[in-house]
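Thanks for sharing this one. Here are a few notes to read with the model open beside you.

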Amino acid sequence: MVIDENILISAGAEIKEYKPTENIFCEGDSPHYYYQIITGEVKLNNYNEEGKEFIQNFLSEGQSCGESILFIDKPYPMNAEAVTDCSVLRLHKSTFFSLLNKSPKLCMEVSSFLS
């Protein structure tokens, strides 16, 4: 899903920088932010009991990660880890929902993406 960066910034999103192997969020964390990648590559992964990595997806510029978890009251079921140097827009969950409430068009786009 891609939300115009200017909309996110005007709503109060901050730009966070991540180095390779740095976690954007971790499995088990409570979701507090909407994340959208400006530059770089991010992988979504888990580790099994033996420590073996299972890669779920690779995401890049313009893609968001973990947004579906914002809509349920559950912790993240996976990690989001920077693969390269990354710049990521981060918008607090309450502000993200406020943005959706103010824009029916954006709300429909998000709903369509998640469906």
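The points below go through some strands and a surface patch.

1. A reminder before anything else: this is a predicted model, so please read each point in that light.

2. I would start at β7, which spans residues 79-82. Both of its faces are covered. N79 and E81 are buried on one side, and A80 and A82 are buried on the other.

3. Two strands are worth following from there. β4 pairs with β7 in the antiparallel sense over four bridges, and N45 has N79 as its bridge partner in β7. Strand β2, residues 23-25, also pairs with β7 in the antiparallel sense, over two bridges. Here F25 stands opposite A80.

4. N45 deserves a closer look. It lies in strand β4, which covers residues 42-47. Is N45 buried or exposed? N45 counts as buried because its relative accessibility is 0%, and the cut-off for buried is under 20%. Its side chain makes a polar contact with the side chain of Y47, at 3.5 Å. Setting aside neighbours within four places in sequence, N45 is in contact with E53, F54, I55, Q56, M78, N79 and E81. Of these, N79 and E81 are the buried pair on one side of β7.

5. Finally, do look at the surface. F71, I72, F113 and L114 form a nonpolar patch there, with about 350 Å² of accessible area together. I72 sits in the loop between β6 (64-65) and β7. With 43% relative accessibility, I72 counts as partly exposed.

Notes:
Residues are numbered from 1 along each chain as its sequence is written. This is a predicted model: local features need pLDDT of at least 70, side-chain atom pairs count only at pLDDT 80 or more; totals for chains, interfaces and linings use all residues. Side-chain values use heavy atoms; hydrogens and water are left out. Buried means under 20% relative accessible area, exposed over 50%, partly exposed in between (1.4 Å probe, protein chains only). A polar contact is a pair of N or O atoms within 3.5 Å; within protein, one must be able to donate a hydrogen and the other to accept it, and residues adjacent in sequence count only if both atoms are side-chain atoms. Contact means heavy atoms within 4.5 Å. Patches are made of residues with over 30% relative accessible area and no salt bridge: like charges are joined within 9 Å, nonpolar side chains (Val, Leu, Ile, Met, Phe, Trp, Tyr) within 5 Å. Accessible areas come from the Shrake-Rupley method with a 1.4 Å probe; for residues, only the protein chains shown count as cover. A salt bridge is a side-chain nitrogen of Lys or Arg within 4 Å of a carboxyl oxygen of Asp or Glu. Two strands pair if DSSP finds at least two bridges between them.
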